[in-house]
Amino acid sequence: QVQLVESGGGLVQAGGSRRLSCVASGIFFSRYATGWYRQAPGKQRELVADFTGGSSPNYAESVKGRFTISRDNAKNTVYLQMNGLKPEDTAVYYCSVRPYGLPSSSGSWGQGTQVTVSS
């Protein structure tokens, strides 16, 4: 049974930084694609960044150059370093894992962590 636990959310001023962590259990972590998504009030959940097995991670255009996704397979953990935060980054952030090659709709999800950016 997959379990994902996110942490690191909170209140931050515009221009500040935050690092989110997501610890996975119940899976062979290195065989899974990992990603971060977010959902703002009244909006659909959207991809922020993910590793899908290619040489480089994928990023949403809105976060390129500001956010960095990384993973530590030894710790079963995926991170999202967020720099230069903007009020429009305010959302609940979710991590997701799925076996490589399967679509995102087949992923397992964490409970989410709230990030609020004040102007």
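Author: A nonpolar core is a set of buried Ala, Val, Leu, Ile, Met, Phe, Trp, Tyr and Cys residues joined through side-chain atoms within 4.5 Å, where buried means under 20% relative accessible area (1.4 Å probe, protein chains only). The model is predicted, so local features need pLDDT of at least 70 and side-chain atom pairs count only at pLDDT 80 or more, whereas totals for chains, interfaces and linings use all residues. Residues are numbered from 1 along each chain as its sequence is written, and side-chain values use heavy atoms, without hydrogens and water.

Reader: Which strand gives the most residues to the largest nonpolar core, and how many?

Author: This core has 27 residues, of which W36, V48, F67, L80, M82 and Y93 touch the most other members. At least two residues each come from β3, β4 (32-39), β5 (46-51), β7 (67-72), β8, β9 and β11 (113-118), strands being DSSP runs of E with at least two residues, numbered from the N terminus. The strand that gives the most is β9, with four residues.

Reader: How far apart in sequence are the parts that the disulfide between C22 and C95 ties together?

Author: One disulfide is counted, the criterion being a pair of cysteine sulfur atoms within 2.5 Å, and in the C22 to C95 pair the S to S distance is 1.9 Å. Both of these cysteines are buried. Because C22 lies in strand β3 (residues 18-25) and C95 in strand β9 (residues 91-99), the parts tied together are separated in sequence by 73 residues.

Reader: Which strands are the edges of the open four-stranded sheet?

Author: The order of this open sheet is β1-β3-β8-β7, with antiparallel pairing, and two strands pair if DSSP finds at least two bridges between them. From one strand to the next the twist averages 15°, taken between axes that are lines fitted to C-alpha atoms, with angles from 0 to 180 degrees between N-to-C directions. Pairing on one side only marks the edge strands, which are β1 and β7.

Reader: How many bridges join β3 to β8?

Author: Strand β3 also pairs with β1 (residues 3-7), in the antiparallel sense and over five bridges; there Q3 stands opposite S25, and L4 has A24 as its bridge partner. Towards β8, L20 stands opposite L80. Strands β3 and β8 (residues 77-82) run antiparallel, and the number of bridges joining them is six.

How values were computed:
Buried < 20%, exposed > 50% of the residue type's maximum accessible area, 1.4 Å probe, protein only.
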